[in-house]
Structure formats: structure tokens, C-alpha cells
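Subject: Structure handover

Hi,

Here is the structure we talked about. Please open it alongside this note, which goes through what turned up.

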Amino acid sequence: MRKLNFILYIPTKVVFGSGVVNRVGHEASKLGITRALLVTTRGGSLRRFGYVNMVMNSLQSSGIETELFAEVFTNPTAELADVGADVCRSYRCDGVIGLGGGSAIDVAKSIAIIALQGGRAEEYLKGERKAEKALPIIAIPTTHGTGTEVNRFAVLTDIKTLAKVAIASSAIYPRTAILDPELTKTLPPKLSAATTIDAFTHALESYIGLGATAVVDLFAEEAIREILQYAPKLLNNLSNVEIRSHLLYASMCAGIAISHGRTGVMHALEHAVSAFHPEVHHGIGLAALMLSWAKYIAPRVKEKFINIARLAKVPIEKLTIDEALQKTIALLEDLLKKLDLRIRLRDLGVEEGELRDLAENAMRNLQVLINNTPGNPSIEDLIEILRQAL
Ligand SMILES: [Fe+2]
């Protein structure tokens, strides 16, 4: 039964469509931004593809000055956000624009808090300081995965404690999200697949989570439906704007779903994996965990789990419940296969001897996500999920 007891809060203005990146200047000036800090990745590919220039030109034509902070790397640290906040303050920027994947946007969100409120990222991550206000944030994703452009989370890693956790605050909802599928066309195959799985697992975990409401279901089901329809075609059609549009839209829907319902144990475990192994991309870690998670979760939320197959129009009505559960797990397995992501944790450098530490790290740092997972998973359950994925 759908839970009709919820708060619906989507304060982000979403501008979606091919070519809308050229509206960023217009949108920024509507927010009163006169000098923007443009936060993006270190690698240089976004500059090479011309995306950085598109944003800067649009800002310039609206009379907005731009300072570039192109320093973001995978699994960004709290210290990086502190450095960015110093740059933001020293150039007296009055707005922050994140261009890139989740890492770039989450660093932009963190900078927007620290530059205005002071303190260090670590203090916000530990809850010693509350994020109450932030400079206006504009998010321009170039991947279709995190949904951070429409949610209240900024994930950073505290390298001292190996905790990959989020600053969660209503203050860091981006004021505007510019969702231009043209910017995702150049994403390489591995990242295209990995970010799709990130969005998919947001939808799955919020959907079967204990915090699911009618609103979470609405957005999660839409994301699941879209991803199961379009993701299998992705790797053979990387520059197809229609497919990219549907996946970017699905990622946004899944982002709204987790902002209202949270993820669960799969994300808690993946954050531990990529905190221990910072070279592991979040979506790849999730792909390694997904089937083992599904086997744990399926018998605990049977009806809802089977709905995943219904959303993909897989005929299950004549099957027994157990057969339908198996069919749904096979559907997830097939998605991973079509995205070329049939990988094991071992392939990512995880070893048997680490499993307990990973499970304890997840339990310690992301209890809130474990608590959102049906079945009240114990530390032994967590270790078993990891072991099955090894
Ligand atoms: Fe995620």
C-alpha cells in the first residue's frame, strides 16, 4: 500500500532540454549572481569538449564574471571543498556553478556553504556545524547518475576517518539545475554505464526503502521504467540524444526519490568500498554489489520487488512468487550484462580480509541508510552481502 503521509519539497528550478546549457547566464543573472565560481573536474575533458567554454561564454554574455576552479577528482575530499571555499571567498564570488558529474556538483554545493558560513567541510560532515545557508548554486550535470542536481546532499570523503558521508541540508538544494542531454553524449562507455547504475540503484533503494511514500514511489517507478527501457540500448548508441535524454530524466527522477526517501544498505556498503579504495567509481562499486543486494532484499519485500519486473512489462502474472522474484533478479542481471558491468568486488581490489572492516565502516558512518533497509540488516548480514559480491 502506498504511504500517503509525506512532505514533497522540490525547490530546484529544472531547465531540461537539448541546448539549454546556453541559458546558464540568463538563469544566473535571475538569481542575482554577478561573479560566479565555476567548479569542474580536473581531467580537462569538459574543457576539451567545449563545455567549460559554453558555460563561460553564456555567463559572460549576461555580464557575469567567472572564476574557474577546475580541481575536482573522483571521491573528492573535505579538504578540496575547503580549498575551493577559499578561492570562492578570495574572488568574492556570489554564486557557485557545478559542471560535471556528482563529484563536481557536490564540491560546488559544499563550497557554497563554507564560503558563506565559514568553518571547514569536516565540521559539517561530522554534524559539528549545521549548514543553514549557502550561496546560490547552479548544477549542470554531464552524467546521468547522481541526481545531486535536485537533492539536498553533498557527498565528500573525510580521509582521516575514511568516512564517505554527506552533508545533508535544505540549504544546498541547487536553485537551478540545467539538464542538457547534449553534454552527456561524450561520456565514455564505462562512465555512461556506471552513472546509469547509480541512478538505477537510487530508484531501487528508495523504492523498497522503509521511508518510501507515494511520492517516492512515483519518482522511483518512473526512473526504473525509463532506465529498464533505455539503458540496454546505451552502449551501442552512446551519442544518441534521445536515449541520453531519457537517462538524464530518469536520473533526475531518482534524485528526487532519494531526496524524499533515501538510499539503503547497498549505498552504505559502496561508500565504504570507495572510501577504502578511492579509485573505485561509485557506480562501478554499486554494480558489483547490486545482485548480492537483490538476493538479500527480494525475499523481504516480495510484492514491491516483483513490481520492478512489472514496470519493465516482464510477464510474471502466471508465475509463483518465488519464480517472479527470480525473474526480477534475472532482469537486474541482464541490465548489468547489457551495460558490460558484470564485475566482482575482487576485480575492484577488495579482499576477503577487509569485509568486516567495510561492514563496520558502513554501519558506523551510514547507520541512517542501514535503518532505511527492510530486514533490519545486522553486521553479519552486511558481511554476507559483501561476501556474495566478492
Ligand atoms: Fe549513488
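Start with the enclosed space. The structure holds one cavity of 30 Å³ or more. Bear in mind throughout that this is a predicted model. The space in the largest cavity comes to about 50 Å³. Its lining is made up of T40, T41, G44, S45, L46, R47, V52, L68 and A70. Three elements each give two or more residues to that lining: β2 (35-41), α2 (45-48) and β3 (65-72). Helix α2 has the largest share, at three residues.

Next, a pocket. The second largest pocket holds about 300 Å³ of space. It is lined by 16 residues, and the closest to its centre are M1, Y207, A212, D217 and K304. Here the elements that give two or more residues are α7 (189-208), α8 (214-230) and α12 (302-311). Of these, α8 gives the most to the lining, with three residues.

Helix α8 also carries Q229. That residue is partly exposed, with 42% relative accessibility. Q229 and H246 are 17 residues apart along the chain, and their C-alpha atoms are separated by 9.2 Å.

Now the overall layout. The protein chain divides into domain 1 (13-184) and domain 2 (189-389). The C-alpha centres of the two domains lie 26 Å apart. At the contact between them, 27 residues of domain 1 meet 32 residues of domain 2.

The packing follows on from that. The largest nonpolar core has 119 residues, and F305 and L345 touch the most other members. Helix α11 (residues 282-297) gives the most to this core, with 11 residues. Where does this core lie with respect to domain 1 and domain 2? Both domains give residues to this core, so it lies between them.

L345 deserves a look in the viewer. Leaving out residues up to four places away in sequence, L345 touches V273, A288, L289, V350, L386, A389 and L390. There is also a second, separate core of 20 residues. Among its members are V24, A36, I138 and I178.

Then the cysteines. How many disulfides does a search of the whole structure find? The search finds zero. C88 is in no disulfide, and the nearest cysteine sulfur, that of C93, is 4.7 Å away. The same holds the other way round: C93 is in no disulfide, and the nearest cysteine sulfur is that of C88, at 4.7 Å. The cut-off for a disulfide is a pair of sulfur atoms within 2.5 Å, so this pair does not count as one. Are these two cysteines buried or exposed? C88 is buried, with a relative accessible area of 1%. C93 is buried too, with a relative accessible area of 8%.

Two backbone angles are worth a check. Most residues other than glycine have a negative phi. R92 has a positive value, near 50°, and is not a glycine. R92 is found in the loop between α4 (78-90) and β4 (95-100). It is exposed, with a relative accessible area of 64%.

L162 is the other one. Its phi is also positive, near 50°, again in a residue other than glycine. L162 is in the loop between β6 (153-158) and β7 (163-168). At 31% relative accessibility, L162 counts as partly exposed.

One last residue is E380. It is found in helix α16 (residues 379-389). Is E380 buried, partly exposed or exposed? E380 is partly exposed, with a relative accessible area of 45%. E380 and V265 are 115 residues apart along the chain, yet their C-alpha atoms are separated by 13 Å.

For a quick tour in the viewer, here are the stops:

- The largest cavity, with L46 and V52 among the residues that line it.
- The second largest pocket, with Y207 and K304 among the residues closest to its centre.
- The largest nonpolar core, with F305 and L345 touching the most other members.
- C88, whose nearest cysteine sulfur is that of C93.
- R92, with its positive phi.
- L162, with its positive phi.

Best wishes

Notes
Residues are numbered from 1 along each chain as its sequence is written. This is a predicted model: local features need pLDDT of at least 70, side-chain atom pairs count only at pLDDT 80 or more; totals for chains, interfaces and linings use all residues. Side-chain values use heavy atoms; hydrogens and water are left out. Buried means under 20% relative accessible area, exposed over 50%, partly exposed in between (1.4 Å probe, protein chains only). A nonpolar core is a set of buried Ala, Val, Leu, Ile, Met, Phe, Trp, Tyr and Cys residues joined through side-chain atoms within 4.5 Å. Helices (H or I, at least four residues) and strands (E, at least two) are DSSP runs, numbered from the N terminus. Domain bounds come from an automatic or database domain assignment. Contact means heavy atoms within 4.5 Å. On a 1 Å grid over the protein atoms alone, a cavity is a set of points where a 1.4 Å probe fits but cannot get out, and a pocket is an open set with protein on both sides within 12 Å along at least five of seven lines; lining residues have an atom within 4 Å of a point. Grid points are joined across faces, edges and corners, and a volume is the space filled by probe spheres set on the points.
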